[in-house]
Amino acid sequence: MAGLLALSRTIDRINEFIGRWVSWLILLAILVSAGNAVIRKVFDTSSNAWLELQWYLFGAAFMLAAAHTLKQNDHIRIDIVYGMFPRRVQHWIDLLGHLFFLMPFVVLMVIYFVPYVSLSFRSGEMSTNAGGLIVWPAKAILLVGFFLLALQGVSEIIKKIAIMRGDMDDPNPFVSAHEQAELEAKALAEEAKAIAGEARA
């Protein structure tokens with residue numbers, strides 16, 4: 001198990017690094033969008049390439065950060081039923097979900113996108129819009145995003161098994177929406193008390 005946990009930590013570090021850095025692509029997309037809007041209003045000109053670049057940047061941020069989001073357990077989930085079970089049952093739900101839903105899907109996507117990207121690259125596929133960008137980098141981003149998500153799925157499966165065996169602590173203990181709201185309210189109340197105490201002093 002030690003070797004598998006070492007592999008899991010390596011995958012986590014890779015996706016942590018990528019996830020943190022691709023967040024800057026959102027800022028870049030905003031700057032490109034703002035620049036394009038200014039040029040269009042001031043100089044009455046624009047280009048489909050600028051519009052497509054915005055889509056590429058946003059798509060890259062979304063796809064390349066998906067694995068990091070899975071690592072942080074921040075994907076949207078409906079926990080009405082999930083939160084009713086003890087933590088060990090929740091671990092089983094997560095493990096089976098990763099094994100039978102997440103992994104088949106992402107592996108299928110990787111297998112599908114390899115020839116899809118390869119064909120686009122070899123043909124030099126261009127956008128159908130006038131003055132648009134080459135298409136294969138956008139398709140390659142999809143492939144890389146699903147590949148990273150598949151790697152993180154492997155890491156999550158390893159960690160779930162290790163947690164259930166007692167080989168490691170739970171890095172993401174479950175907190176229901178109700179409990180989270182209570183914790184946030186308590187933190188705000190304590191902060192308000194501290195501010196009031198400073199004001200009186």
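Which residues does Val 106 touch, not counting residues up to four places away in sequence? I looked this up first and found Phe 146, Leu 149 and Ala 150, where contact means heavy atoms within 4.5 Å.

I note that this is a predicted model, in which local features need pLDDT of at least 70 and side-chain atom pairs count only at pLDDT 80 or more, while totals for chains, interfaces and linings use all residues. Residues are numbered from 1 along each chain as its sequence is written, and side-chain values use heavy atoms, with hydrogens and water left out.

**Core.** I then turned to the largest nonpolar core (buried Ala, Val, Leu, Ile, Met, Phe, Trp, Tyr and Cys residues joined through side-chain atoms within 4.5 Å), which has 25 residues, with Leu 64, Val 106, Phe 146 and Leu 149 making the most contacts inside it. Helix 3 (48–64), helix 4 (66–71), helix 5 and helix 6 each give two or more residues to this core, and helix 6 supplies the largest share, nine residues. Helices here are DSSP runs (H or I, at least four residues) numbered from the N terminus.

**Met 109.** I placed Met 109 in helix 5 (residues 87–123); Met 109 counts as buried because its relative accessibility is 17%, and buried means under 20% relative accessible area (1.4 Å probe, protein chains only). Between Met 109 and Phe 146 I read 6.6 Å, C-alpha to C-alpha, across 37 residues of sequence.

**Helix packing.** Finally, I looked at helix 1 (residues 2–22) and helix 6 (residues 136–165), which pack at an angle of about 135 degrees with their axes 9 Å apart.

Methods:
Axes are lines fitted to C-alpha atoms, for helices over the stretch in contact, and angles run from 0 to 180 degrees between N-to-C directions. Buried means under 20% relative accessible area, exposed over 50%, partly exposed in between (1.4 Å probe, protein chains only).
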